[in-house]
Amino acid sequence: MSFFEVKNLAKFFGGLAAVNDVSFEVAEGEIFGLIGPNGSGKTTLFNLISHYHTPTSGRIFFQGRDITGLKTHRICRLGIGRTFQVVKPLKRMTVLDNVVAGAFSHARTKNEAREIALETLSFCRLIHRKDDLAKSLPIGERKRLEITRALATQPRLLLLDEAAAGLNPSELEAAIDLIRRIREKGVTLIVVEHIMKLIMTISDRIHAINFGRTIAEGTPREVAHHPAVIEAYLGEDYAHRAEHRCLL
Ligand code: ADP
Ligand code: MG
């Protein structure tokens, strides 16, 4: 029995196969990287796992249990937490209240939620911001708040969706350090990230998709040298450069 598994997962939006027959297993304690060019289906996979979308077909297993079709809040209570690619903190609330809102998924009382929130803010090194409004934080700290809020739900498995996008080099180092410390707490992570330095540095194994389909899986080194991965990213780079007329 694996800690976490998706089996032949598919999601069609009309005629578009956003995720198409994807299978992988994640071991407990692993940092599992998920990569793919823009639009390849990474966020949709996370949305299927946390049941923001219902799969067209396929199954999802967590700690030996079939969780396909369970409601989003049940999945969270079972111990799968997530961040969102588009950061959406409750902007008019303080940093602390944002994290308390996350902690409430497990806590029984307001005091307990507040205690978990304060502890998680300290762990994520954001405690000095606790009384500031979420909207006043610069992007780097807003990204960190998003991770803090997800971590306050006390997950066993944490899904990070581009949690390091837009960070400067020193913020990136801090994010790598935080992800490693989260793993040391005993939390398993699936990390979606466009920044190759981050994903290649932290992942134990990487699963690569393109157009919703698996194209490679292996160690960071194996995946980085895989012809299908190189081709997928070359294609994206070419498209990007063409778009910005750098090829002309
Ligand atoms: P990624 O996160 O890898 O950039 P996404 O999972 O966001 O990719 O998107 C995969 C594909 O599914 C894209 O073509 C996207 O336009 C499409 N898609 C995602 N969500 C929806 C939706 N709710 N309705 C229709 N199409 C969607
Ligand atoms: Mg995405």
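Colleague: What does Y52 count as in terms of burial?
Modeller: This is a predicted model, where local features need pLDDT of at least 70, side-chain atom pairs count only at pLDDT 80 or more, and totals for chains, interfaces and linings use all residues; side-chain values use heavy atoms, with hydrogens and water left out. Residues are numbered from 1 along each chain as its sequence is written, while chains are lettered from A and ligands numbered from 1 in the order in which they are written. Buried is under 20% relative accessible area, exposed is over 50% and partly exposed is in between, using a 1.4 Å probe and protein chains only. Y52 has 43% relative accessibility, so Y52 counts as partly exposed.

Colleague: OK, and which residues does Y52 touch, leaving out those up to four places away in sequence?
Modeller: Y52 is in the loop between α1 (42-49) and β4 (57-62), with helices (H or I, at least four residues) and strands (E, at least two) taken as DSSP runs numbered from the N terminus. Contact means heavy atoms within 4.5 Å. With residues up to four places away in sequence not counted, Y52 touches N47, T72, R82 and F84.

Colleague: What kind of aromatic pair do Y52 and F84 form?
Modeller: Searching the whole structure turns up 3 aromatic pairs; rings of Phe, Tyr and Trp (its six-membered ring) pair if their centres lie within 6.5 Å, and planes under 30 degrees apart count as stacked, over 60 as edge-to-face and the rest as tilted. For Y52 and F84 the centres are 5.6 Å apart and the planes make 85 degrees, and the pair is edge-to-face. The pair links distant parts of the chain, since F84 is in the loop between β6 and α3 and the two residues are 32 residues apart. In short, the geometry of Y52 and F84 is edge-to-face.

Colleague: How far from the ring centre of F84 is the charged end of R82?
Modeller: A charge sits over a ring if NZ of Lys or CZ of Arg is within 6 Å of the ring centre and within 35 degrees of the ring normal. K185 lies over the face of F123 at 4.2 Å from the ring centre. For R82 over the ring of F84, the distance to the centre is 4.2 Å.

Colleague: What is the strand order in the open sheet of 6 strands?
Modeller: Two strands pair if DSSP finds at least two bridges between them. The pairing in this open sheet is mixed, and its order is β6-β7-β8-β3-β9-β10.

Colleague: Which are the edge strands of that sheet?
Modeller: Look for the strands that pair on one side only. Those are β6 (80-82) and β10 (213-218).

Colleague: Which residue of β10 stands opposite I209?
Modeller: β9 (residues 205-210) and β10 run antiparallel and are joined by 5 bridges. Opposite I209 in β10 you find T214.

Colleague: Where do the buried side chains of β8 lie?
Modeller: β8 is mostly covered, with 5 of its 5 residues buried. Strand β8 is parallel to β3 through 4 bridges and parallel to β7 through 5 bridges. I31 stands opposite L189, and L160 stands opposite V191. Both faces are covered, with T188, I190 and V192 on one side, and on the other L189 and V191.

Colleague: Which element gives the most residues to the largest nonpolar core?
Modeller: A nonpolar core is a set of buried Ala, Val, Leu, Ile, Met, Phe, Trp, Tyr and Cys residues joined through side-chain atoms within 4.5 Å. The largest has 30 residues, and I35, L158, L160, I182, L189, V191 and L198 touch the most other members. Elements giving two or more residues include β3, α5, β7, α6 (169-184), β8 and α9 (227-243). The top contribution, 6 residues, comes from α6.

Colleague: Why is helix α3 largely enclosed, and what do its buried residues pack against?
Modeller: Helix α3 (residues 95-103) has 7 of its 9 residues buried, so α3 is largely enclosed by the rest of the structure. The buried ones are V95, L96, N98, V99, V100, G102 and A103. They pack against α4 (110-123) and α5 (139-151).

Colleague: And what is the strand order in the open sheet of 4 strands?
Modeller: The pairing there is antiparallel. At the edges, β2 (16-26) and β5 (65-66) each pair on one side only. β4 and β5 are joined by 2 bridges, and F62 has R65 as its bridge partner in β5. The full order is β2-β1-β4-β5.
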